[in-house]
Amino acid sequence: MAGKQILIVEDEKPIRDMIAFGLRRAGYDVTEAEDTAEARARIADRRPDLMLVDWMLPDQSGLELTRQIKRDRDTHELPIIMLTARAEEGDKVAGLECGADDYVTKPFSPRELVARINAVLRRSAPGGPDELIRANGLTLDQAGHRVLAGEATVTLGPTEYRLLSFFMTHPDRVYSRGQLLDRVWGGNVYVEERTVDVHIRRLRKALEAHGYDRYIQTVRGAGYRFSSRPQ
Ligand code: CA
């Protein structure tokens with residue numbers, strides 16, 4: 001994971017310095033911001049591979065910053081680990097519900113933080129956008145913006161492509177309609193949850209022509225899942 005760029009958003013300089021030092025030693029590229037306004041400027045300037053966001057920041061809470069980043073279609077795939085001094089379970093749930101990928105409670109060791117960063121990077125980025133992702137004979141070609149079933153191109157509308165692309169990069173996990181709206185539609189626009197069902201139906205129909213519709217699975221009462229295992 002060396003060479004990945006990590007943006008640290010933390011107002012307390014000693015803590016920021018300590019984290020930056022540990023991450024640089026682990027081979028990361030580090031940029032720093034002391035509040036959410038500076039964080040936004042840094043993201044606009046150069047997109048980091050992952051962000052560490054302190055909960056308590058002077059201009060706006062780290063929770064709110066995380067929520068906004070995860071709702072914006074341009075940035076919603078950016079992995080975020082929240083840092084906090086608060087260890088209450090309710091806070092942890094709030095942190096994860098606002099879209100954070102993980103949550104680390106202060107005080108933590110640099111070694112522990114690096115391990116968590118590596119885990120989130122592995123989980124959230126199965127290869128860069130140029131890498132082909134394969135599952136059960138389906139191939140997601142993100143650079144070519146297409147999906148192949150064997151050798152044949154699956155004909156997909158733009159939303160169905162984004163949906164299938166999200167599923168193939170996040171396999172074997174159940175996502176609720178609300179989560180799919182946030183992650184695939186971006187949450188910028190008001191879309192009803194049943195819209196998800198409409199596009200799932202279209203996606204299945206497109207895959208059915210190639211015999212792959214069974215990999216998009218309905219999990220009753222929970223949402224949808226893409227299975228990467230033979231069915
Ligand atoms: Ca703080």
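How many aromatic pairs does the count come to? The count comes to four, and two of these pairs serve as stops on this tour of a predicted model.

**The whole chain**

Begin with the complete protein chain in cartoon representation. Eight helices and eleven strands should be displayed. Aligned to the principal axes, the C-alpha atoms occupy a box of roughly 60 × 35 × 30 Å. The radius of gyration is 19 Å, which agrees with the value near 17 Å that a compact globule of 231 residues would have.

Next, colour the residues by accessibility. Of the 231 residues, 44% are buried. With a surface representation switched on, the accessible area amounts to about 11,800 Å², and carbon and sulfur atoms contribute 48% of that area. If contacts with a separation of 6 or more are drawn, 56% of them join residues 24 or more positions apart.

Colouring by charge then brings up 35 positive and 36 negative charges. The mean positions of these two sets lie 6 Å apart.

**The aromatic residues**

Select Phe166 and Phe167 and show their side chains. The two rings make a tilted aromatic pair, with 6.4 Å from centre to centre and 50 degrees between the planes. Are these residues buried or exposed? Phe166 has a relative accessible area of 3% and is therefore buried, the cut-off being under 20%. Phe167 also counts as buried, at 0%.

Add Tyr175 to the selection. Together with Phe166 and Phe167, Tyr175 forms one aromatic cluster.

Move on to Tyr212 and Tyr215, which form another tilted aromatic pair. Here the ring centres are 5.9 Å apart and the planes meet at 35 degrees. Tyr212 is buried at 14% relative accessibility, and Tyr215 is buried at 4%.

**Arg24 and its contacts**

The last stop is Arg24. Which helix contains Arg24? Select residues 13-25, which constitute helix α1, and Arg24 will be found within that helix. Its relative accessible area of 46% makes Arg24 partly exposed, because that class lies between the 20% and 50% cut-offs.

Now display the surroundings of Arg24. Leaving aside residues up to four places away in sequence, Arg24 touches Val30 and Glu32. Finally, draw a distance from the C-alpha atom of Arg24 to that of Ala119: the separation is 17 Å, for two residues that stand 95 residues apart along the chain.

Terms used:
Residues numbered from 1 in each chain as written. Predicted model: local features only at pLDDT ≥ 70, side-chain atom pairs only at ≥ 80, totals over all residues. Heavy atoms only, no water. Helix = DSSP H or I, 4+ residues; strand = E, 2+ residues; numbered from the N terminus. Rg over C-alpha atoms; globule rule 2.2 N^0.38 Å. Buried < 20%, exposed > 50% of the residue type's maximum accessible area, 1.4 Å probe, protein only. Contact = heavy atoms within 4.5 Å. Areas by Shrake-Rupley, 256 points an atom, 1.4 Å probe, with all protein chains shown as cover. Lys, Arg positive; Asp, Glu negative; His and termini not counted. Charge placed at Lys NZ, Arg CZ, Asp CG, Glu CD. Phe/Tyr/Trp six-rings, centres within 6.5 Å; stacked < 30°, edge-to-face > 60°.
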